[in-house]
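Here is a short briefing to read alongside the sequence and the model. Please keep the 3D view open as you go through the points.

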Amino acid sequence: MSSSGWTSTSLPYLTPLADGNSDAWSSEAKEAGRRGGQRILHAGEVAASVEVARMLGLAAGETVVVRRRLIELDDKPTELTDTYYPADVAVGTALAAARKIRGGAVTLLAGLGYAGVRVVENITARMPEASEQQQLRLGPAEPVLQLARTTYDSADRPIQADVMVMPAGRQQLRYEIRIG
């Protein structure tokens with residue numbers, strides 16, 4: 001178990017929410033008797049890095065929309081999340097604006113006709129970059145986990161790419177997979 005006692009699962013973040021719900025993170029934290037929040041650090045158009053382009057099936061440097069957030073648990077930083085969308089999916093929508101989205105981005109995407117049906121996640125452990133160390137308030141030798149997730153629609157088109165960085169000692173990831 002992580003030192004924070006927090007175990008994260010992916011499913012709540014992949015499923016559109018019913019009307020009236022705020023977002024998956026706040027809801028999950030509240031159910032656990034904790035306070036979850038997020039600060040949007042940036043939202044708008046950027047050139048896709050090589051990694052993001054690969055995840056979204058685009059050319060490096062192609063325009064994408066990013067939402068950069070600092071995720072907090074009980075007012076402490078717990079994760080940095082950059083979520084990228086192809087420009088034709090997100091430009092001109094609330095995904096490109098630096099404000100919270102009622103129900104979360106997955107709910108908005110589904111409403112726009114982009115429902116995820118398949119996800120690929122890659123997890124690596126590494127030492128943090130200086131900015132990550134500062135934003136996550138990490139000690140000098142504290143590693144991070146990086147979770148890179150690509151969400152695909154029913155046509156197997158990548159519609160969302162997430163790159164999440166979290167303190168390794170404050171997080172536990174849990175996966176449940178149904179076979180057959």
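The chain folds into 5 helices and 8 strands, and this is a predicted model. Read from the N terminus, the order of elements is β-α-β-α-β-β-α-α-β-α-β-β-β. An open sheet of 6 strands is a good place to begin.

**The chain as a whole**

- The chain has 180 residues, and 43% of them count as buried.
- Among contacts with a separation of 6 or more, 62% link residues that are 24 or more positions apart.
- About 9,400 Å² of the chain is exposed, and 52% of that comes from carbon and sulfur atoms.

**The sheet**

- The strands of the open sheet are arranged in the order 2-3-4-7-6-5, with antiparallel pairing.
- Which strands stand at the edges? They are strand 2 (residues 36-47) and strand 5 (residues 118-126); each has a single partner strand, so one side of each is left without a neighbour in the sheet.
- On average, neighbouring strands of this sheet are turned by 15 degrees against each other, with direction ignored.
- As general background, the strands of a sheet pair through backbone hydrogen bonds, in either a parallel or an antiparallel way.
- At one edge, strand 2 pairs with strand 3 (residues 63-73) in the antiparallel sense, over 11 bridges. You can find this pairing in the view through H42, whose bridge partner in strand 3 is R68.

**Strand 6 and its partners**

- Is strand 6 enclosed or open to the outside? Since 9 of its 9 residues are buried, strand 6 is largely enclosed by the rest of the structure.
- Each residue counted here as buried has under 20% relative accessible area.
- Both faces of strand 6 are covered: one side carries V144, Q146, A148, T150 and Y152, the other L145, L147, R149 and T151, and all of these are buried.
- Strand 5 is joined to strand 6 by 9 bridges, and the two run antiparallel. Within this pair, V119 stands opposite T151 of strand 6.
- Strand 6 is also joined to strand 7 by 9 bridges, again in antiparallel fashion. Here Y152 has P158 in strand 7 as its bridge partner.
- Strand 6 and strand 7 make a hairpin with 5 residues between them.

**Two aspartates with positive phi**

- D156 sits in the loop between strand 6 (residues 144-152) and strand 7 (residues 158-167). Its phi is positive, at about 65 degrees, although D156 is not a glycine.
- With 43% relative accessibility, D156 counts as partly exposed, because that class covers values between the buried limit of 20% and the exposed limit of 50%.
- D75 belongs to the loop between strand 3 and strand 4 (residues 76-86). D75 is likewise a residue other than glycine with a positive phi, near 65 degrees.
- Is D75 buried or exposed? At 51% relative accessibility, D75 counts as exposed, since the class begins over 50%.

**A nonpolar surface patch**

- Which residues form the nonpolar patch on the surface? They are I123, Y175, I177 and I179, which together have about 470 Å² of accessible area.
- I179 lies in the segment after strand 8 (residues 172-174). At 80% relative accessibility, I179 counts as exposed.

Methods: Residues numbered from 1 in each chain as written. Predicted model: local features only at pLDDT ≥ 70, side-chain atom pairs only at ≥ 80, totals over all residues. Heavy atoms only, no water. Pairing = 2+ DSSP bridges. Helix = DSSP H or I, 4+ residues; strand = E, 2+ residues; numbered from the N terminus. Axes fitted to C-alpha atoms, helices over the stretch in contact; angles between N-to-C directions. Buried < 20%, exposed > 50% of the residue type's maximum accessible area, 1.4 Å probe, protein only. Contact = heavy atoms within 4.5 Å. Areas by Shrake-Rupley, 256 points an atom, 1.4 Å probe, with all protein chains shown as cover. Patch = residues over 30% accessible without salt bridge, like charges linked within 9 Å, V, L, I, M, F, W, Y side chains within 5 Å. Salt bridge = Lys/Arg side-chain N within 4 Å of Asp/Glu carboxyl O.
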